[in-house]
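Student: I should like a close look at a single part of this model. Please describe in detail how the parts of one chain meet.

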Amino acid sequence: MTKNINLTLKVWRQNRSRPKGGFEIYNAKDISTDMSFLEMLDVVNENLIVEKKEPIAFDHDCREGICGTCGAVVDGQAHGPQKETTLCQLHMRHFKNNETIVIEPWRARAFPVVKDLVVDRGALDEIIAAGGYISAKTGGPQDANNILIGKEIADEAFNAAACIGCGACVAACPNASAMLFVGAKISHLGLLPQGRPEAKKRVMSMVRAMDRLGFGNCSNETECEIQCPKAISIKNIARMNRDFVKASVS
Amino acid sequence: MNWFIETFRTSIGKKLLMAITGLGFLGFIAMHLMGNLTLFAGRDAFLAYVEALHGLEAFILVAEIGLLVFAIIHVFMGLTLYLANNNARKVRYAVQKSGGGRNIGSATMPYTGLVILLFLILHLNNFSFADVSDDRTIYEVVTATFASLGYVVIYLVAAVALAIHIRHGFWSLFQSLGLNHDKYMPAIRKIGIAFAVVVGAGFALIPIYLNLTV
Ligand code: HEM
Ligand code: FES
């Protein structure tokens, strides 16, 4: 049932040129509960533009939960309070009339704030560049599917491959660790026959890249798995640990 | 050798060191508790246990050196990780809410660890380096210590801190070692909680019992 609600937003504002930012308070009036969180921000921004104020900068692209571009910490949780949901797929019906919502960017030393809610997640790209790929051409779907694999392996690889690289795991981790992201990539590629030849090299260089980029260390708090919009399991971190040990001793 | 040291300088390597040394401590804690339970059987049973331990002098020496090395690694690595993790998020969140993964154990590892470390120094000073003679055996030293309510309280606090540390540490070490599978992880999690409760209750009851009865 559609209804309209009023909200108070406490939003982090920060300029690229300034090392420090702060919270600004905005009123979001007459927000339809059928809107997504980003559509709600669009409404607030339209009003800011009318008032000749700088709109709130936030990242977004597909708005259908598949690209991994959006994301902010809403009331202390990455992508907000709804489990297995990206910010663009979070609907305003999950909020109450007259509620105050606190919106902050991902916070990690490895993710510097670019502007307001936009952070630079290039560190994740650097980790991928260190080995998150398969060098050999596997051909079209026909060729790749020529090597049969078991259903269990396919399912596990798929769970890991669902990672959209949004960085929520880093944002949710009390230690700002990127291990769920890296574990997911290691699993996704290493479980499949085409990725196996490079598995050893991959885990060694991706882990080292991760360490170099200033992420924290995993202490098995499991917040990443719970706040991940794709519910990627920490079993992928265990697999990475295992593969890393195997690669180190062989 | 270079690859060996390099391995333990990585994030995963450091976690492995925490896990291996933590596992060693869990083994020690289990033995130590079982031995100390002889205190419930009275003076003679306890002294017989202590006698038996001293009979294994060479084994005890090796174990003690091993535990000391493990302790240095665990404390030093724990501190390194704590500092690095704080450093990984310079600007904190104004609001941070757990999705339900964090628990009292996981959120307090460095602090319960510090309590255990401080307690350990006191504990070794109380008992391991105590002066004992034929008329004042280690049993008398122990009972005299626990006659003081202050010591009983300190030992209770340490037992609770240890239980909280193990509540997270037990399953966490398996995850760190790469052992997490639906087949056995639910069981490991349950055993970890049971282990924490038994260790906490066991070490807490000894001083209470001795304070009340001796
Ligand atoms: C007999 C006493 C102790 C036992 C049985 C014990 C056991 C453990 C275990 C099993 C872990 C989990 C390792 C992992 O997650 O892979 C752990 C982690 C930890 N321990 Fe201990 N420990 C003890 C004493 C201490 C002391 C004295 C300190 C520090 C002063 C300490 C600090 C830590 C810290 C900070 C962690 C978390 C490391 C991380 O995940 O980043 N522990 N401990
Ligand atoms: S905008 Fe693409 S996942 Fe949210």
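Tutor: In this predicted model, domain 1 of chain A and domain 2 of chain A bury about 1400 Å² between them, and carbon and sulfur atoms give 62% of that area. On the side of domain 1 of chain A, the residues that lose the most area to domain 2 of chain A are A:Glu84, A:Ala110 and A:Phe111, which together account for 32% of what that side buries. By class, the side of domain 1 of chain A that touches domain 2 of chain A comprises nine nonpolar, seven polar and four charged residues.

The domain assignment places domain 1 of chain A at 4-115 and domain 2 of chain A at 122-249. Their C-alpha centres are 28 Å apart. In terms of contacts, 20 residues of domain 1 of chain A meet 20 residues of domain 2 of chain A.

As for specific interactions, the rule finds zero salt bridges across the interface of domain 1 of chain A and domain 2 of chain A. Three residue pairs in polar contact, both at pLDDT 80 or more, are nevertheless found across this interface. Polar contacts are thus to be set beside the charged residues: four of these lie on the side of domain 1 of chain A that touches domain 2 of chain A, yet the count of salt bridges across the interface is zero.

Definitions and conventions:
Residues numbered from 1 in each chain as written. Chains lettered and ligands numbered in written order. Predicted model: local features only at pLDDT ≥ 70, side-chain atom pairs only at ≥ 80, totals over all residues. Heavy atoms only, no water. Domains from an automatic or database assignment. Contact = heavy atoms within 4.5 Å. Buried area = accessible area lost by both parts, 1.4 Å probe. Salt bridge = Lys/Arg side-chain N within 4 Å of Asp/Glu carboxyl O. Polar contact = N/O pair within 3.5 Å; in protein donor to acceptor, adjacent residues only side chain to side chain. Nonpolar A, V, L, I, M, F, W, Y, C, P; charged D, E, K, R; others polar.
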